[in-house]
Amino acid sequence: MKRILVLSAALYAGLATAGAQENTMSFFVTSSGLGKGANLGGLEGADAQCQKLAEAAGATGKTWRAYLSTSTVDARDRVGSGPWFNAKGQKVADDVDSLHSDANNINKQTALDEKGNVINGRGDTPNRHDILTGSKPDGTRIADQTCGDWTSDGEGVAMMGHHDRMGLDDSAAAKSWNSSHPSRGGCGQEALKGTGGDGLFYCFAAN
């Protein structure tokens with residue numbers, strides 16, 4: 001009987017560990033941008049920032065990708081197959097289709113940074129809810145709204161979403177996590193701050 005209890009305890013511990021591993025962080029909003037507005041050093045630079053922040057937070061052993069479209073790449077094709085969980089183990093989406101549907105669970109309380117912190121949204125000071133994406137609601141690219149494929153901090157336009165799903169009205173765009181409105185006044189840091197942004201972007205574990 002004692003041996004059976006020991007084996008049962010070991011089995012339970014193994015299952016608990018497996019469950020914890022499955023729910024480890026695989027999605028976050030960057031706690032900080034690169035300080036150059038929408039100039040992220042292209043997709044390579046943005047991916048490197050995702051990797052750096054994730055590993056500093058202890059999420060190692062994963063390949064991280066920035067949720068960004070370019071003139072030739074769709075963001076939805078960069079993020080793997082899911083499911084994705086935030087730093088607190090809360091599921092934000094099961095797969096790519098649910099991520100881009102009303103079934104996703106992205107909002108101010110779940111779109112956390114890599115440390116598990118809530119990011120300022122509409123009504124907070126400063127507002128940081130504008131998240132760079134360059135994408136349509138379905139995750140495909142808007143070729144001329146990617147700030148030169150994320151290499152410009154001067155002229156250009158970037159499509160952004162609202163991580164808190166709040167805007168000036170109740171329209172679908174205002175509530176969109178990935179396609180709310182284009183930047184105004186260019187791609188620089190101050191231009192992004194002017195509409196409630198800070199050069200932040202979404203990161204997903206692609207494996």
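This briefing describes the fold, the packing and some local backbone features of one protein chain.

The structure is a predicted model, with a mean pLDDT of 91 for the protein and 89% of its residues at 70 or more. Five helices and eight strands make up its regular secondary structure, and buried residues account for 49% of the 207 residues. Over residues 1-21, however, the pLDDT is below 50, and beyond near neighbours in sequence this stretch has zero contacts in the model. Where pLDDT is low, the predicted coordinates should not be read in detail.

**Overall organisation**

- Along the sequence, helices and strands follow one another in the pattern α-β-α-β-β-β-α-β-α-β-β-α-β.
- Of the contacts between residues at least 6 apart in sequence, 67% join residues that are at least 24 apart.
- The protein has an accessible surface of about 9,700 Å², and carbon and sulfur atoms contribute 51% of that area.

**Nonpolar cores**

- In soluble globular proteins, nonpolar side chains tend to be buried together.
- The largest nonpolar core here has 23 residues, and those with the most contacts inside it are Phe28, Leu40, Trp64, Leu68, Leu132, Trp150 and Phe201.
- At least two residues of this core come from each of α2 (42-56), β2 (64-66), α4 (147-150) and β8 (197-205), with α2 giving the most, namely five residues.
- A second core, separate from the largest one, has 18 residues, including Leu99, Ile131, Leu200 and Phe204.

**Aromatic pairs**

- The count of aromatic pairs comes to eight.
- In one of these pairs, the ring centres of Tyr67 and Phe204 are 5.8 Å apart and the planes stand at 45°, so the pair is tilted, the class that lies between stacked (under 30 degrees) and edge-to-face (over 60).
- This pair links distant parts of the chain, as Tyr67 belongs to the loop between β2 and β3 (84-85) while Phe204 belongs to strand β8, 137 residues apart.
- Tyr67 and Phe204 are both buried, and ring pairs join them with Phe27, Trp84, Trp177 and Tyr202 into a cluster.

**Cis peptide bonds**

- Gly82 and Pro83 are joined by a cis peptide bond with omega of about -5°, and Pro83 is part of the loop between β2 and β3, where Tyr67 is also found.
- A cis peptide bond also runs from Thr125 to Pro126, with omega near -5°, and Pro126 is placed in the loop between α3 (96-99) and β5 (130-132).

**Positive phi outside glycine**

- Trp150, a residue of helix α4, has a phi near 65°, which is a positive value in a residue other than glycine.
- With a relative accessible area of 0%, Trp150 is buried, because the cut-off for that class is under 20%; Trp150 is also among the residues with the most contacts inside the largest nonpolar core.
- Arg165 is not a glycine either, yet its phi is positive at about 60°; Arg165 is located in the loop between β6 (159-162) and β7 (181-182).
- The relative accessibility of Arg165 is 24%, so this residue counts as partly exposed.

**Surroundings of Gly197**

- Gly197 is a residue of strand β8, and its relative accessible area of 4% makes it buried.
- Apart from neighbours within four places in sequence, Gly197 is in contact with Asn127, Arg128, Asp130 and Leu192.
- Between Gly197 and Asn127 the C-alpha to C-alpha distance is 6.7 Å, although these two residues are 70 residues apart in sequence.

**Surroundings of Lys62**

- Lys62 is situated in the loop between α2 and β2, and a polar contact of 3.4 Å joins its side chain to the side chain of Thr24.
- When neighbours within four places in sequence are set aside, the residues in contact with Lys62 are Thr24, Met25, Gln51, Ala205 and Asn207.

Technical notes. Residues numbered from 1 in each chain as written. Predicted model: local features only at pLDDT ≥ 70, side-chain atom pairs only at ≥ 80, totals over all residues. Heavy atoms only, no water. Core = buried A, V, L, I, M, F, W, Y, C linked by side-chain atoms within 4.5 Å. Buried < 20%, exposed > 50% of the residue type's maximum accessible area, 1.4 Å probe, protein only. Helix = DSSP H or I, 4+ residues; strand = E, 2+ residues; numbered from the N terminus. Phe/Tyr/Trp six-rings, centres within 6.5 Å; stacked < 30°, edge-to-face > 60°. Contact = heavy atoms within 4.5 Å. Areas by Shrake-Rupley, 256 points an atom, 1.4 Å probe, with all protein chains shown as cover. pLDDT = per-residue confidence, 0-100. Polar contact = N/O pair within 3.5 Å; in protein donor to acceptor, adjacent residues only side chain to side chain.
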